[in-house]
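Here are some quick notes for you, in numbered points. Have a look at the model first, then read on.

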Amino acid sequence: MTPWMGLLVVAVLLQSTVLSRVTVGGVHPNLMLAIIVSWSLLRSGREGLLWAFFGGLLLDLLSSAPLGTFLVALLVTAFVTGLIEVALFRPSLWLPVGVMFLASPLFHLVAMVMMESLGWDVTWTNLTSRLLPATILDALLILPLFPLLRRVSDMAGEKAIEWSR
Amino acid sequence: MIRVRSHFIILLAMLFFALLLIVLDQGARMERPQDFGQRLVMPAEFGLSTLTRTIGGLFTSIGDIGRLRDENEALRQQLDSLALVHVQLTELQTENERLRDLLGFQEGHPNYTLEVAEIISQGSPAAVVGQEVSNLVQSVRINQGKESGVEPGMSVITAYGLVGRVLESGQGWAKVLLITDDTSRITAVVQQGRAGGVVEGTRQGLVMRYIPHEERVEPNDVVLTAGLGGQFPKGLVIGVVESVERSDINPWQEAVIRPTIDFSQLEYVFVIRSFTQVSEEEVAP
């Protein structure tokens with residue numbers, strides 16, 4: 001646990017006050033998801049899981065979805081993203097964008113399954129038209145965010161993997 | 001491989017803890033931790049929310065835009081309030097006619113027991129603190145909760161119309177599900193022709209479904225809550241008909257409804273704490 005995890009509190013506050021007002025096609029970018037995916041790629045999968053745990057709890061606290069929805073969704077997403085980090089040797093800076101095209105639909109689908117299983121009436125129709133705009137926005141958000149978090153990661157020390165610049 | 005396995009074990013441990021939290025929450029044992037968390041986060045969130053609105057306002061106030069914006073806002077508010085008065089007067093007139101019919105109907109059918117519902121009290125205004133943090137739910141959080149008598153199921157409104165209903169409440173906070181959420185279903189009636197239907201949320205707006213084919217619904221007709229099922233009081237403005245889709249092979253019509261509220265700009269709302277059913281004797285002269 002590091003003081004840098006305070007970033008998660010800032011992220012959830014920005015999400016509920018600023019980013020929730022940035023709506024394109026009925027959806028807004030998910031800052032918390034972008035941070036967790038970036039951190040899982042930059043650091044070890046273990047750190048990604050730890051951040052996902054606290055990030056998920058914060059999202060659940062402020063969301064109207066049932067408690068546990070985003071906690072489980074972020075944990076699963078961080079785990080899968082951590083596997084990519086382990087598997088790739090020399091990742092390029094475009095990798096986070098590509099990974100987001102996998103991570104964002106995975107995150108939303110797991111969250112929807114969680115909501116359904118916790119008694120929420122989830123609409124499964126028009127899934128592509130609903131998830132695609134969110135995925136594109138999340139991928140756009142990770143472009144400027146990733147270099148910033150790489151600096152934070154450098155400051156935090158003990159990098160798990162060396163990234164080409 | 002060993003690393004993946006160790007990550008998998010960590011994942012399983014965290015999922016187990018998540019499951020524990022879910023079970024505790026289902027048994028309503030997470031209220032205190034949630035209250036504590038909300039109390040920690042809400043002041044910063046409220047400050048940031050106010051700052052965001054102020055900065056947003058500053059950007060649009062450059063030069064002459066500010067004066068025009070104020071003037072436009074004043075005119076819009078005047079128009080909205082007049083529209084609201086018009087809606088209320090028309091509704092009262094229609095209701096008066098209906099009650100007269102009802103009294104006549106009751107006299108002709110003495111074995112029927114009829115009740116008329118009416119809103120009799122409104123709660124205190126609550127400030128909107130934060131918007132929903134995910135794309136899967138449409139909701140807002142407000143700074144009034146159990147201490148003000150705000151309970152799940154209560155209707156939330158502004159002067160311009162229906163906002164939604166309280167989903168969950170704690171000490172000093174409540175989560176409000178907006179009527180535009182996918183799961184929102186409201187029995188509704190078109191003010192002008194009294195056509196009934198169900199207004200459903202579509203995330204980006206509202207659609208009124210199951211309007212009988214023979215009913216007449218036109219653009220700019222006002223859609224109100226029907227008050228059936230007891231979820232919402234009757235007569236609350238939901239929106240205005242934007243377009244109507246009819247087909248000869250479909251027994252139902254569908255209407256796209258434009259909400260009277262800009263949900264992204266919500267600042268203050270009212271929570272209807274109670275609405276009491278007025279017996280027919282009280283209505284009768």
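How many residue pairs are in polar contact across the interface of chain B and chain A?

1. The rule finds 11 such pairs, both residues at pLDDT 80 or more. A polar contact here is a pair of N or O atoms within 3.5 Å; within protein, one must be able to donate a hydrogen and the other to accept it, and residues adjacent in sequence count only if both atoms are side-chain atoms. Salt bridges (Lys or Arg side-chain nitrogen within 4 Å of an Asp or Glu carboxyl oxygen) come to zero between the two chains.

2. Ground rules: this is a predicted model, with local features needing pLDDT of at least 70 and side-chain atom pairs counting only at 80 or more, while totals for chains, interfaces and linings use all residues. Residues are numbered from 1 along each chain as written, chains are lettered from A in the order written, and side-chain values use heavy atoms, without hydrogens or water.

3. On contacts (heavy atoms within 4.5 Å), 47 residues of chain B meet 51 of chain A. The buried area, meaning accessible area (1.4 Å probe) lost on putting the two together, summed over both, is about 4,300 Å², with 68% from carbon and sulfur atoms. B:V133, B:N135 and B:L136 supply 17% of what chain B buries against chain A, more than any other three residues.

4. Now the helices of chain A, taken as DSSP runs (H or I, at least four residues) numbered from the N terminus. α5(A) kinks by about 30° at A:F101, shortly before the proline A:P105; the bend is the angle between axes fitted to the seven residues ending there and the seven starting there. After α5(A) comes A:G119, with a positive phi near 95°.

5. α6 of chain A (residues 127–156) bends by about 40° at A:L145, and the proline A:P147 follows within four residues. Just after α6(A), A:G157 has a positive phi of about 80°.

Methods
Helix = DSSP H or I, 4+ residues; strand = E, 2+ residues; numbered from the N terminus.
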